[in-house]
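Here is a briefing for a first look at this protein. Keep the sequence and the 3D view open while you read.

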Amino acid sequence: MRIFVTGASGFIGSAVVRELLEGGHQVSGLVRSKEAAGRLEANGTRAVRGSIENTELLRREAAGADAVVHTAFYHKFSHAGLPAKLRIMLGGSPARAAARFMAAAVGTDCRAIQALGAGLSERSGALVIAIPTMTLTPGRLATEEDAGDASSIGGGRVASEKAVLALAGSGVRASLVRLPPIVYGTGDRGGLLPSLIRAARSKGAAAYIGQGTNRWPAVHRLDAARLFRLAVEQAPSGSRLHAVGEEGIPFRQIAEAIARQANIPSKQIVHGEAGKYFGWLGPFAATDNPVSSALTRERYGWNPQERGLLAEIERGDYFVGNSLR
């Protein structure tokens, strides 16, 4: 199949590209920089320079593909184009800048999904998008049957979920792959695990909130990439798949594993101190987000093969290099 991948140079997107190539597919990838384009082309992938803000480019590339995997999202202010940056910075109170950024990022994502769907509808192609599991209702084990919860900590992204599922009846084989807060593996520098490590080092302790019993799911990036390929090849329209290798690791265990490798203590803190220790991650660090992938495994024969999160932390690679010091 001819498959177009957005976010093709990213931590997850690059693994998806490699998995699709190894599966015998013909891949093109959306990248922002000349350097990223060069890396893609060196691996036998056609590079498309551009941004997910360019909806006409997205529609055109989707119209020439049999499937699209959409992993791109504006996680950083620097990812946005100048008009969006100006709206975020000058659109109101500085205290609301973070909310304006998220609204701009989700709005851009929904428009990108609609453009990709418009292109794919011309040939009844498949569209698979990445969505965080923190869009699900906290505090109970979520399954693939659960819709996103707009009141959840990641509720802003539910609009993207609704946008892709709305395409299911328009001739597009639309599905979504939910990703846990920690997607880990070699080359991870911008994910939540490096962020937790940096926070622990800067404060001199790896913190957890309360008893640290709130649970976070996790998956290795290579296992996640395999599921994206399976979704492209097999997922019926309207499907939700869970790329969850471990359904719920107590946050305290994650903090203690970081503490051992960083040679610092772990520390219990109260909810009111979360912002001090974790910054913008504070609300997420307190969230209980257990997620099952039982139906995904049963329906698609997906079986995670890589090492688990705690074993990955204990391996020590995340603690080598200036970027995490």
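With which side chain does the side chain of Asp 149 make a polar contact at 2.8 Å? The partner is the side chain of Thr 137.

This is a predicted model, where local features need pLDDT of at least 70, side-chain atom pairs count only at pLDDT 80 or more, and totals for chains, interfaces and linings use all residues. Residues are numbered from 1 along each chain as its sequence is written, and side-chain values use heavy atoms, with hydrogens and water left out.

**Overall build**

- The protein has 13 helices and 12 strands. Helices (H or I, at least four residues) and strands (E, at least two) are DSSP runs, numbered from the N terminus.
- The radius of gyration is 19 Å, which agrees with the value near 20 Å for a compact globule of 325 residues. That radius is taken over C-alpha atoms, and the globule rule is 2.2 Å times the number of residues to the power 0.38.
- The C-alpha trace spans about 55 × 50 × 40 Å along its principal axes.
- Buried residues make up 53% of the 325 residues. Buried means under 20% relative accessible area, exposed over 50%, and partly exposed in between (1.4 Å probe, protein chains only).
- Of the contacts with a separation of 6 or more, 77% come from residues 24 or more positions apart. Contact means heavy atoms within 4.5 Å.

**Around Asp 149**

- Asp 149 sits in the loop between β5 (126–132) and α6 (158–165).
- Besides Thr 137, the side chain of Ser 151 makes a polar contact with the side chain of Asp 149, at 2.7 Å. A polar contact is a pair of N or O atoms within 3.5 Å; within protein, one must be able to donate a hydrogen and the other to accept it, and residues adjacent in sequence count only if both atoms are side-chain atoms.
- Asp 149 is buried but has no salt bridge. Its nearest side chain of opposite charge, Arg 140, is 6.8 Å away. Lys and Arg count as positive and Asp and Glu as negative; His and the chain ends are not counted.
- A salt bridge needs a side-chain nitrogen of Lys or Arg within 4 Å of a carboxyl oxygen of Asp or Glu.

**Helix α6**

- Ser 160 lies in helix α6. Ser 160 counts as buried because its relative accessibility is 0%.
- The side chain of Ser 160 makes a polar contact with the side chain of Asp 109 (2.5 Å).
- Not counting residues up to four places away in sequence, Ser 160 touches residues including Val 106, Cys 110 and Ile 129.

**Salt bridges**

- The whole structure holds 16 salt bridges.
- Arg 178 and Glu 161 form one of them, at 3.1 Å from N to O. Arg 178 is in strand β6 (residues 173–179) and Glu 161 in helix α6, so the pair ties together parts 17 residues apart in sequence.
- Arg 178 is buried at 0% relative accessibility, and Glu 161 is buried at 2%.
- Asp 223 pairs with Arg 226 in a salt bridge, with the closest N and O atoms 2.5 Å apart. Both lie in helix α8 (residues 221–234), three residues apart, about one turn of the helix.
- Glu 314 forms a salt bridge with Arg 260, at 2.6 Å between the closest N and O atoms. This pair links distant parts of the chain, 54 residues apart: helix α13 (residues 309–315) holds Glu 314, and helix α9 (residues 251–262) holds Arg 260.
- Glu 314 is partly exposed at 33% relative accessibility, whereas Arg 260 is exposed at 52%.
- Glu 19, Arg 229 and Glu 233 are joined into one network by salt bridges that share partners.
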